[in-house]
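Please read the following report with the sequence and the model side by side. It takes up two sheets in turn, and then some of the helices and loops.

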Amino acid sequence: MSQGRDFLASLISAATDIAVIVSDEGKVLSLLIGARETGFGNLSHWEGRSINEFLTRESIPKFESVLEDFRAGEVSSKAVELNHTDNAVWEFPVRYTFHALGEIDGKPALVMLGRDLRPIAETQQQLVQAQMSLEQGYEARREFDARYRLLLRTVRDPVVFVSVADGKVKDLNEPAAALLGTTREDLIGSDFAREFRDRRREEFIEGLVNTSISDNAGAFDVVTKRNRHAVAITPNVFRAAGERVLICRLESEQQAAVRHDDLSLNLGLLFEKGADAMVFTSASGVIQTCNDSFLDMVDAAHLSDVKGRSLGDYLGRGQIDMSVLIENARRSGQMRLYSTRILNEFGAKTAVEMSVTWLNDRSEPELGFVIRDASRVDAIRTPQMQGHEDSARNVMELVGSASLKDIVSETTDVVEKMCIETAVNLTRNNRVAAAEMLGLSRQSLYVKLRKYGLLHKDYVPED
(Lines give C-alpha, C1' and ligand atoms only; values in the text may rest on other atoms or scores of the structure.)
Protein backbone atom coordinates (compact mmCIF):
# COMPACT_ATOMS: atom_id res chain seq x y z
CA MET A 1 0.00 0.00 0.00
CA SER A 2 2.86 2.41 0.83
CA GLN A 3 4.46 1.73 -2.56
CA GLY A 4 1.13 2.46 -4.27
CA ARG A 5 0.86 5.80 -2.52
CA ASP A 6 4.41 6.70 -3.46
CA PHE A 7 3.74 5.74 -7.08
CA LEU A 8 0.55 7.84 -7.06
CA ALA A 9 2.44 10.80 -5.61
CA SER A 10 5.14 10.47 -8.25
CA LEU A 11 2.53 10.27 -11.00
CA ILE A 12 0.71 13.35 -9.75
CA SER A 13 4.02 15.21 -9.36
CA ALA A 14 4.96 14.48 -12.96
CA ALA A 15 1.54 15.30 -14.38
CA THR A 16 0.87 18.60 -12.65
CA ASP A 17 2.58 21.65 -11.13
CA ILE A 18 0.70 21.58 -7.83
CA ALA A 19 -1.74 19.14 -6.25
CA VAL A 20 -3.90 20.08 -3.26
CA ILE A 21 -6.19 17.69 -1.37
CA VAL A 22 -8.97 19.49 0.48
CA SER A 23 -11.85 18.31 2.60
CA ASP A 24 -15.47 19.14 1.84
CA GLU A 25 -15.06 22.04 4.29
CA GLY A 26 -12.15 23.55 2.30
CA LYS A 27 -9.44 22.49 4.72
CA VAL A 28 -6.07 21.58 3.16
CA LEU A 29 -5.32 17.96 4.00
CA SER A 30 -2.23 17.49 1.89
CA LEU A 31 -0.19 19.38 -0.68
CA LEU A 32 2.29 18.26 -3.31
CA ILE A 33 4.53 20.40 -5.55
CA GLY A 34 5.19 19.02 -9.04
CA ALA A 35 8.57 17.90 -10.30
CA ARG A 36 8.89 20.86 -12.71
CA GLU A 37 10.58 23.88 -11.09
CA THR A 38 7.87 26.52 -10.71
CA GLY A 39 9.18 28.78 -8.00
CA PHE A 40 6.27 28.16 -5.60
CA GLY A 41 8.66 27.67 -2.71
CA ASN A 42 7.74 25.81 0.48
CA LEU A 43 3.97 25.68 0.96
CA SER A 44 3.87 23.13 3.78
CA HIS A 45 2.33 25.72 6.10
CA TRP A 46 -0.90 25.47 4.07
CA GLU A 47 -1.68 22.02 5.50
CA GLY A 48 -4.28 22.01 8.24
CA ARG A 49 -5.56 25.47 7.31
CA SER A 50 -8.48 26.65 5.17
CA ILE A 51 -7.50 27.17 1.53
CA ASN A 52 -9.52 30.40 1.52
CA GLU A 53 -6.72 31.96 3.55
CA PHE A 54 -4.48 31.56 0.50
CA LEU A 55 -6.89 32.75 -2.20
CA THR A 56 -7.42 36.28 -3.42
CA ARG A 57 -10.74 37.97 -2.76
CA GLU A 58 -12.10 37.40 -6.28
CA SER A 59 -11.08 33.70 -6.28
CA ILE A 60 -12.86 32.70 -3.05
CA PRO A 61 -16.41 32.77 -4.55
CA LYS A 62 -15.27 30.59 -7.48
CA PHE A 63 -13.77 27.98 -5.16
CA GLU A 64 -16.84 28.02 -2.87
CA SER A 65 -19.03 27.31 -5.91
CA VAL A 66 -16.94 24.25 -6.79
CA LEU A 67 -17.03 23.10 -3.15
CA GLU A 68 -20.86 23.41 -2.97
CA ASP A 69 -21.21 21.24 -6.09
CA PHE A 70 -18.85 18.69 -4.51
CA ARG A 71 -20.96 18.56 -1.37
CA ALA A 72 -24.01 17.99 -3.54
CA GLY A 73 -22.26 15.01 -5.13
CA GLU A 74 -21.20 16.71 -8.37
CA VAL A 75 -17.70 17.49 -9.54
CA SER A 76 -17.39 19.81 -12.53
CA SER A 77 -14.95 18.79 -15.26
CA LYS A 78 -14.48 22.41 -16.20
CA ALA A 79 -11.12 23.94 -15.27
CA VAL A 80 -11.19 26.93 -12.92
CA GLU A 81 -8.52 29.60 -12.61
CA LEU A 82 -7.71 30.62 -9.04
CA ASN A 83 -5.27 33.26 -7.86
CA HIS A 84 -3.28 32.32 -4.79
CA THR A 85 -1.72 34.75 -2.34
CA ASP A 86 0.65 34.01 0.51
CA ASN A 87 0.95 36.58 3.30
CA ALA A 88 0.08 39.32 0.78
CA VAL A 89 3.65 39.14 -0.48
CA TRP A 90 3.23 37.48 -3.85
CA GLU A 91 0.49 36.06 -6.04
CA PHE A 92 0.42 33.32 -8.62
CA PRO A 93 -2.44 32.18 -10.89
CA VAL A 94 -3.20 28.46 -11.23
CA ARG A 95 -5.69 26.59 -13.48
CA TYR A 96 -7.24 23.70 -11.48
CA THR A 97 -9.21 20.62 -12.43
CA PHE A 98 -11.14 18.95 -9.63
CA HIS A 99 -11.47 15.20 -8.95
CA ALA A 100 -13.24 13.30 -6.19
CA LEU A 101 -10.77 11.26 -4.14
CA GLY A 102 -13.05 9.33 -1.83
CA GLU A 103 -12.96 9.61 1.96
CA ILE A 104 -10.00 10.51 4.11
CA ASP A 105 -10.44 10.09 7.88
CA GLY A 106 -14.11 9.47 7.26
CA LYS A 107 -14.69 12.70 5.31
CA PRO A 108 -15.08 13.23 1.55
CA ALA A 109 -11.93 14.65 -0.05
CA LEU A 110 -11.35 16.56 -3.26
CA VAL A 111 -8.08 16.65 -5.15
CA MET A 112 -7.16 19.82 -7.06
CA LEU A 113 -4.65 19.35 -9.89
CA GLY A 114 -3.23 22.68 -11.02
CA ARG A 115 -1.06 24.16 -13.77
CA ASP A 116 1.00 27.28 -13.09
CA LEU A 117 -0.26 30.14 -15.32
CA ARG A 118 2.51 32.63 -14.59
CA PRO A 119 4.49 31.91 -17.80
CA ILE A 120 1.30 32.37 -19.82
CA ALA A 121 0.44 35.55 -17.91
CA GLU A 122 3.91 36.97 -18.48
CA THR A 123 3.70 36.15 -22.19
CA GLN A 124 0.28 37.78 -22.42
CA GLN A 125 1.60 40.86 -20.63
CA GLN A 126 4.54 41.08 -23.04
CA LEU A 127 2.13 40.77 -25.97
CA VAL A 128 -0.03 43.54 -24.57
CA GLN A 129 2.97 45.80 -24.06
CA ALA A 130 4.21 45.02 -27.56
CA GLN A 131 0.75 45.81 -28.97
CA MET A 132 0.65 49.10 -27.05
CA SER A 133 4.13 50.05 -28.28
CA LEU A 134 3.10 49.15 -31.81
CA GLU A 135 -0.03 51.28 -31.55
CA GLN A 136 2.00 54.19 -30.19
CA GLY A 137 4.45 53.81 -33.07
CA TYR A 138 1.60 53.79 -35.58
CA GLU A 139 0.10 56.88 -33.95
CA ALA A 140 3.41 58.74 -34.00
CA ARG A 141 3.91 57.75 -37.64
CA ARG A 142 0.42 58.94 -38.59
CA GLU A 143 1.05 62.24 -36.82
CA PHE A 144 4.42 62.66 -38.54
CA ASP A 145 2.91 61.76 -41.92
CA ALA A 146 0.14 64.34 -41.42
CA ARG A 147 2.68 67.06 -40.60
CA TYR A 148 4.82 66.07 -43.58
CA ARG A 149 1.86 66.14 -45.97
CA LEU A 150 0.68 69.50 -44.66
CA LEU A 151 4.17 71.00 -44.95
CA LEU A 152 4.65 69.64 -48.46
CA ARG A 153 1.27 70.98 -49.54
CA THR A 154 1.67 74.46 -48.07
CA VAL A 155 5.31 75.21 -48.91
CA ARG A 156 5.58 77.41 -52.00
CA ASP A 157 9.03 76.30 -53.16
CA PRO A 158 9.02 73.39 -55.63
CA VAL A 159 10.41 70.37 -53.75
CA VAL A 160 11.12 66.84 -55.02
CA PHE A 161 12.28 63.78 -53.04
CA VAL A 162 14.45 61.42 -55.12
CA SER A 163 15.91 58.02 -54.19
CA VAL A 164 19.68 57.88 -54.67
CA ALA A 165 19.58 54.10 -55.24
CA ASP A 166 17.30 54.03 -58.30
CA GLY A 167 16.88 57.73 -59.18
CA LYS A 168 13.08 57.56 -58.96
CA VAL A 169 10.81 60.27 -57.58
CA LYS A 170 9.54 59.29 -54.13
CA ASP A 171 7.38 62.37 -53.57
CA LEU A 172 6.96 65.99 -54.62
CA ASN A 173 4.61 68.92 -54.16
CA GLU A 174 2.27 70.61 -56.63
CA PRO A 175 4.57 73.61 -57.42
CA ALA A 176 7.30 71.15 -58.48
CA ALA A 177 4.88 69.23 -60.71
CA ALA A 178 3.70 72.47 -62.31
CA LEU A 179 7.27 73.60 -62.96
CA LEU A 180 8.04 70.26 -64.64
CA GLY A 181 4.90 70.52 -66.79
CA THR A 182 2.88 67.55 -65.54
CA THR A 183 0.91 66.28 -62.55
CA ARG A 184 2.09 64.99 -59.21
CA GLU A 185 0.50 61.57 -59.77
CA ASP A 186 2.36 61.08 -63.06
CA LEU A 187 5.74 61.95 -61.53
CA ILE A 188 5.68 59.78 -58.39
CA GLY A 189 7.66 56.62 -59.14
CA SER A 190 9.05 57.95 -62.42
CA ASP A 191 12.70 58.39 -63.38
CA PHE A 192 13.70 61.90 -62.28
CA ALA A 193 16.45 62.24 -64.90
CA ARG A 194 13.96 61.75 -67.74
CA GLU A 195 12.26 65.03 -66.86
CA PHE A 196 15.32 66.97 -68.10
CA ARG A 197 17.03 67.21 -71.44
CA ASP A 198 20.24 65.29 -72.18
CA ARG A 199 20.51 63.71 -68.74
CA ARG A 200 21.43 60.10 -67.99
CA ARG A 201 20.21 58.65 -64.73
CA GLU A 202 23.50 57.50 -63.21
CA GLU A 203 25.45 60.63 -64.12
CA PHE A 204 22.56 62.90 -63.17
CA ILE A 205 22.05 61.40 -59.68
CA GLU A 206 25.81 61.31 -59.08
CA GLY A 207 26.04 64.99 -60.05
CA LEU A 208 23.26 65.89 -57.61
CA VAL A 209 24.92 63.96 -54.77
CA ASN A 210 28.31 65.56 -55.46
CA THR A 211 26.72 69.02 -55.53
CA SER A 212 24.99 68.41 -52.20
CA ILE A 213 28.19 67.36 -50.39
CA SER A 214 30.47 69.96 -51.97
CA ASP A 215 31.93 72.66 -49.71
CA ASN A 216 31.04 75.28 -52.30
CA ALA A 217 27.56 73.89 -52.81
CA GLY A 218 25.66 75.67 -55.52
CA ALA A 219 22.78 75.02 -57.88
CA PHE A 220 22.67 72.26 -60.49
CA ASP A 221 21.47 73.83 -63.77
CA VAL A 222 19.20 71.78 -66.06
CA VAL A 223 16.50 72.28 -68.72
CA THR A 224 13.09 70.60 -68.41
CA LYS A 225 12.06 68.29 -71.24
CA ARG A 226 8.32 69.04 -71.33
CA ASN A 227 8.31 72.87 -71.37
CA ARG A 228 12.02 73.59 -71.86
CA HIS A 229 12.36 75.86 -68.81
CA ALA A 230 15.79 76.53 -67.36
CA VAL A 231 15.77 75.24 -63.81
CA ALA A 232 18.34 75.38 -61.00
CA ILE A 233 18.27 72.40 -58.62
CA THR A 234 19.64 72.81 -55.07
CA PRO A 235 20.04 69.27 -53.67
CA ASN A 236 20.59 68.00 -50.13
CA VAL A 237 21.14 64.35 -49.29
CA PHE A 238 19.96 62.61 -46.12
CA ARG A 239 19.46 59.04 -44.95
CA ALA A 240 16.07 57.66 -43.93
CA ALA A 241 15.47 54.02 -42.89
CA GLY A 242 18.83 53.01 -44.33
CA GLU A 243 18.15 54.62 -47.72
CA ARG A 244 19.81 57.75 -49.05
CA VAL A 245 17.33 60.31 -50.34
CA LEU A 246 17.85 63.61 -52.17
CA ILE A 247 15.61 66.54 -51.33
CA CYS A 248 15.79 68.81 -54.36
CA ARG A 249 14.56 72.40 -54.33
CA LEU A 250 13.77 73.58 -57.86
CA GLU A 251 14.04 77.18 -58.95
CA SER A 252 13.12 78.69 -62.31
CA GLU A 253 14.92 81.59 -63.97
CA GLN A 254 12.17 83.99 -62.91
CA GLN A 255 12.38 82.90 -59.27
CA ALA A 256 16.16 83.16 -59.36
CA ALA A 257 15.93 86.68 -60.75
CA VAL A 258 13.63 87.73 -57.94
CA ARG A 259 15.91 86.18 -55.33
CA HIS A 260 19.11 87.55 -56.74
CA ASP A 261 18.05 91.18 -56.78
CA ASP A 262 20.37 94.16 -57.03
CA LEU A 263 20.74 94.55 -53.27
CA SER A 264 21.90 90.95 -52.83
CA LEU A 265 24.35 91.28 -55.68
CA ASN A 266 25.70 94.57 -54.36
CA LEU A 267 26.14 93.16 -50.87
CA GLY A 268 27.97 90.17 -52.27
CA LEU A 269 30.30 92.39 -54.28
CA LEU A 270 30.87 94.64 -51.27
CA PHE A 271 31.87 91.62 -49.19
CA GLU A 272 34.24 90.32 -51.84
CA LYS A 273 35.84 93.56 -52.99
CA GLY A 274 35.33 95.94 -50.06
CA ALA A 275 38.28 97.78 -48.54
CA ASP A 276 37.19 97.00 -44.97
CA ALA A 277 37.74 93.54 -43.56
CA MET A 278 34.53 91.57 -42.95
CA VAL A 279 34.29 88.42 -40.86
CA PHE A 280 31.33 86.19 -39.96
CA THR A 281 31.74 84.01 -36.87
CA SER A 282 29.65 81.67 -34.77
CA ALA A 283 28.04 82.92 -31.57
CA SER A 284 31.21 81.93 -29.70
CA GLY A 285 33.55 83.79 -32.08
CA VAL A 286 34.75 80.92 -34.30
CA ILE A 287 35.42 82.19 -37.85
CA GLN A 288 32.97 80.85 -40.45
CA THR A 289 33.96 82.98 -43.44
CA CYS A 290 35.76 86.23 -44.26
CA ASN A 291 36.69 88.38 -47.23
CA ASP A 292 40.07 88.94 -48.86
CA SER A 293 40.62 92.21 -46.97
CA PHE A 294 40.72 90.32 -43.69
CA LEU A 295 43.07 87.74 -45.16
CA ASP A 296 45.37 90.60 -46.26
CA MET A 297 45.17 92.17 -42.78
CA VAL A 298 46.30 88.96 -41.03
CA ASP A 299 48.63 87.86 -43.88
CA ALA A 300 46.75 84.58 -44.47
CA ALA A 301 46.92 82.91 -47.87
CA HIS A 302 43.55 81.15 -47.96
CA LEU A 303 40.24 81.06 -46.14
CA SER A 304 41.08 77.55 -44.92
CA ASP A 305 44.00 79.05 -42.92
CA VAL A 306 41.63 81.02 -40.66
CA LYS A 307 38.33 79.11 -40.87
CA GLY A 308 37.58 77.26 -37.65
CA ARG A 309 39.87 79.43 -35.54
CA SER A 310 38.68 81.92 -32.96
CA LEU A 311 38.74 85.56 -34.01
CA GLY A 312 40.22 86.25 -30.58
CA ASP A 313 43.46 84.62 -31.79
CA TYR A 314 43.99 87.68 -33.99
CA LEU A 315 43.01 90.38 -31.45
CA GLY A 316 45.52 92.29 -29.38
CA ARG A 317 43.92 91.47 -26.04
CA GLY A 318 42.75 88.04 -27.16
CA GLN A 319 39.77 86.60 -25.36
CA ILE A 320 39.26 89.79 -23.35
CA ASP A 321 38.44 91.67 -26.57
CA MET A 322 36.19 88.83 -27.76
CA SER A 323 34.27 88.70 -24.49
CA VAL A 324 33.62 92.45 -24.60
CA LEU A 325 32.51 92.37 -28.25
CA ILE A 326 30.28 89.30 -27.94
CA GLU A 327 28.63 90.37 -24.69
CA ASN A 328 27.81 93.86 -25.92
CA ALA A 329 26.54 92.54 -29.26
CA ARG A 330 24.24 90.06 -27.54
CA ARG A 331 22.97 92.66 -25.10
CA SER A 332 22.27 95.56 -27.47
CA GLY A 333 22.33 93.89 -30.89
CA GLN A 334 25.47 95.70 -32.05
CA MET A 335 28.62 97.49 -30.96
CA ARG A 336 30.58 100.06 -32.95
CA LEU A 337 33.87 101.90 -32.72
CA TYR A 338 35.70 99.38 -30.59
CA SER A 339 39.42 100.10 -30.72
CA THR A 340 42.00 97.34 -30.50
CA ARG A 341 44.88 95.81 -32.46
CA ILE A 342 44.99 92.98 -35.00
CA LEU A 343 47.84 90.47 -34.89
CA ASN A 344 48.89 88.92 -38.18
CA GLU A 345 50.45 85.49 -38.66
CA PHE A 346 53.92 86.94 -38.00
CA GLY A 347 53.05 88.80 -34.77
CA ALA A 348 52.88 92.32 -36.27
CA LYS A 349 50.19 94.57 -34.77
CA THR A 350 47.83 96.90 -36.63
CA ALA A 351 45.56 99.40 -34.88
CA VAL A 352 41.96 98.86 -35.97
CA GLU A 353 38.42 100.01 -35.29
CA MET A 354 35.81 97.26 -35.09
CA SER A 355 32.04 97.07 -35.18
CA VAL A 356 30.01 93.92 -34.54
CA THR A 357 26.38 93.00 -35.21
CA TRP A 358 24.40 90.17 -33.65
CA LEU A 359 22.68 88.19 -36.46
CA ASN A 360 19.90 86.24 -34.76
CA ASP A 361 17.49 85.73 -37.68
CA ARG A 362 18.37 82.03 -37.94
CA SER A 363 18.33 78.88 -35.87
CA GLU A 364 22.03 79.33 -35.00
CA PRO A 365 22.86 83.04 -34.48
CA GLU A 366 26.10 84.42 -35.90
CA LEU A 367 28.22 87.55 -35.48
CA GLY A 368 29.18 89.91 -38.28
CA PHE A 369 32.38 91.97 -37.83
CA VAL A 370 33.54 94.97 -39.87
CA ILE A 371 37.20 95.83 -39.20
CA ARG A 372 38.86 99.04 -40.45
CA ASP A 373 42.57 99.83 -40.43
CA ALA A 374 43.06 102.77 -38.02
CA SER A 375 46.85 102.76 -37.84
CA ARG A 376 47.01 106.30 -39.31
CA VAL A 377 44.07 107.69 -37.42
CA ASP A 378 44.36 108.50 -33.71
CA ALA A 379 41.14 110.45 -33.50
CA ILE A 380 39.39 107.82 -31.43
CA ARG A 381 42.02 108.13 -28.73
CA THR A 382 41.87 111.94 -28.51
CA PRO A 383 38.49 112.28 -26.73
CA GLN A 384 39.59 109.79 -24.11
CA MET A 385 42.80 111.70 -23.40
CA GLN A 386 41.23 115.15 -23.17
CA GLY A 387 39.56 114.31 -19.88
CA HIS A 388 42.97 113.61 -18.31
CA GLU A 389 44.85 116.82 -19.32
CA ASP A 390 43.62 118.70 -16.25
CA SER A 391 44.87 115.95 -13.95
CA ALA A 392 48.29 115.94 -15.62
CA ARG A 393 48.50 119.76 -15.34
CA ASN A 394 47.65 119.55 -11.63
CA VAL A 395 50.50 117.09 -11.11
CA MET A 396 53.02 119.42 -12.80
CA GLU A 397 51.92 122.33 -10.59
CA LEU A 398 52.97 120.31 -7.52
CA VAL A 399 56.66 120.60 -8.47
CA GLY A 400 58.29 123.02 -6.03
CA SER A 401 55.40 122.93 -3.55
CA ALA A 402 55.51 119.24 -2.52
CA SER A 403 58.06 116.51 -1.95
CA LEU A 404 58.94 114.03 -4.70
CA LYS A 405 57.25 111.25 -2.74
CA ASP A 406 53.95 113.14 -2.67
CA ILE A 407 54.28 114.00 -6.38
CA VAL A 408 54.90 110.35 -7.30
CA SER A 409 51.93 109.25 -5.19
CA GLU A 410 49.71 111.82 -6.91
CA THR A 411 51.02 110.78 -10.33
CA THR A 412 50.26 107.11 -9.57
CA ASP A 413 46.68 107.98 -8.69
CA VAL A 414 46.30 109.96 -11.93
CA VAL A 415 47.62 107.10 -14.08
CA GLU A 416 45.49 104.56 -12.21
CA LYS A 417 42.36 106.67 -12.70
CA MET A 418 43.17 107.14 -16.41
CA CYS A 419 43.58 103.37 -16.90
CA ILE A 420 40.34 102.57 -15.08
CA GLU A 421 38.37 105.19 -17.06
CA THR A 422 39.84 103.90 -20.32
CA ALA A 423 38.93 100.29 -19.51
CA VAL A 424 35.39 101.25 -18.53
CA ASN A 425 35.00 103.27 -21.74
CA LEU A 426 36.36 100.47 -23.93
CA THR A 427 33.99 97.93 -22.37
CA ARG A 428 31.02 100.32 -22.42
CA ASN A 429 30.69 100.26 -18.66
CA ASN A 430 30.88 96.48 -18.46
CA ARG A 431 32.50 96.17 -15.03
CA VAL A 432 33.21 92.43 -15.33
CA ALA A 433 35.03 92.84 -18.65
CA ALA A 434 36.86 95.94 -17.39
CA ALA A 435 38.12 94.07 -14.32
CA GLU A 436 39.32 91.21 -16.55
CA MET A 437 41.03 93.68 -18.90
CA LEU A 438 42.87 95.35 -15.98
CA GLY A 439 43.74 92.07 -14.28
CA LEU A 440 41.74 92.97 -11.16
CA SER A 441 39.07 91.21 -9.22
CA ARG A 442 35.61 92.75 -9.42
CA GLN A 443 35.79 93.68 -5.75
CA SER A 444 39.09 95.53 -6.23
CA LEU A 445 37.70 97.35 -9.27
CA TYR A 446 34.65 98.54 -7.33
CA VAL A 447 36.90 99.77 -4.51
CA LYS A 448 38.95 101.85 -6.97
CA LEU A 449 35.85 103.14 -8.76
CA ARG A 450 34.51 104.34 -5.42
CA LYS A 451 37.91 105.86 -4.57
CA TYR A 452 37.97 108.00 -7.71
CA GLY A 453 34.25 108.84 -7.74
CA LEU A 454 33.56 106.75 -10.85
CA LEU A 455 31.22 104.19 -9.33
CA HIS A 456 27.99 105.86 -10.46
CA LYS A 457 29.35 107.34 -13.65
CA ASP A 458 27.47 105.99 -16.65
CA TYR A 459 29.16 105.35 -20.00
CA VAL A 460 27.89 107.52 -22.80
CA PRO A 461 28.73 106.04 -26.24
CA GLU A 462 30.51 108.35 -28.60
CA ASP A 463 29.57 108.63 -32.27
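Two strands are said to pair if DSSP finds at least two bridges between them. Helices (H or I, at least four residues) and strands (E, at least two) are DSSP runs, numbered from the N terminus. The model is predicted, and local features need pLDDT of at least 70, side-chain atom pairs count only at pLDDT 80 or more, while totals for chains, interfaces and linings use all residues. Residues are numbered from 1 along each chain as its sequence is written, and side-chain values use heavy atoms, with hydrogens and water left out.

**The sheet with strands 6 to 10**

Strand 6 (residues 159–163) and strand 10 (residues 243–252) run antiparallel and are joined by five bridges, with Val 159 standing opposite Arg 249 of strand 10. The open sheet of five strands has the order 7-6-10-9-8, and its pairing is antiparallel. Strand 7 (169–172) and strand 8 (220–223) each have a single partner strand, so one side of each of these edge strands is left without a neighbour in the sheet. On average, and with direction ignored, neighbouring strands of this sheet are turned by 30 degrees against each other.

Two helices lie across strands of this sheet, where contact means heavy atoms within 4.5 Å, and where axes are lines fitted to C-alpha atoms, for helices over the stretch in contact, with angles running from 0 to 180 degrees between N-to-C directions. Helix 3 (residues 118–154) lies across strand 6 and strand 7 and runs at about 70 degrees to strand 7. Helix 6 (residues 201–213) lies across strand 6, strand 8, strand 9 (230–240) and strand 10, at about 75 degrees to strand 9.

**The sheet with strands 11 to 15**

Another open sheet of five strands has the order 12-11-15-14-13, with antiparallel pairing. Its edge strands, each pairing on one side only, are strand 12 (287–290) and strand 13 (334–343), and the twist from one strand to the next averages 30 degrees. Strand 14 (residues 349–359) and strand 15 (residues 366–373) run antiparallel and are joined by eight bridges; Thr 357 stands opposite Gly 368 in strand 15.

Helix 11 (residues 319–332) packs on this sheet, touching strand 13, strand 14 and strand 15, and its direction makes about 165 degrees with that of strand 13. Among the residues of helix 11 that are buried (under 20% relative accessible area with a 1.4 Å probe, protein chains only; exposed is over 50% and partly exposed lies in between) are Ile 320, Met 322, Leu 325 and Ala 329. Just after helix 11, Gly 333 takes a positive phi of about 90 degrees.

**Two loop residues**

Asn 344, in the loop between strand 13 and strand 14, is buried, with a relative accessible area of 14%. Leaving aside residues up to four places away in sequence, Asn 344 touches Met 297, Val 298 and Asp 299. Asp 276 lies in the loop between helix 8 (262–273) and strand 11 (277–282).

The table lists polar contacts of these two residues, a polar contact being a pair of N or O atoms within 3.5 Å; within protein, one must be able to donate a hydrogen and the other to accept it, and residues adjacent in sequence count only if both atoms are side-chain atoms.

| Loop residue | Partner | Distance |
|---|---|---|
| Asn 344 side chain | Gly 347 backbone nitrogen | 2.9 Å |
| Asn 344 side chain | Ala 348 backbone nitrogen | 2.8 Å |
| Asp 276 side chain | Arg 372 side chain | 2.9 Å |
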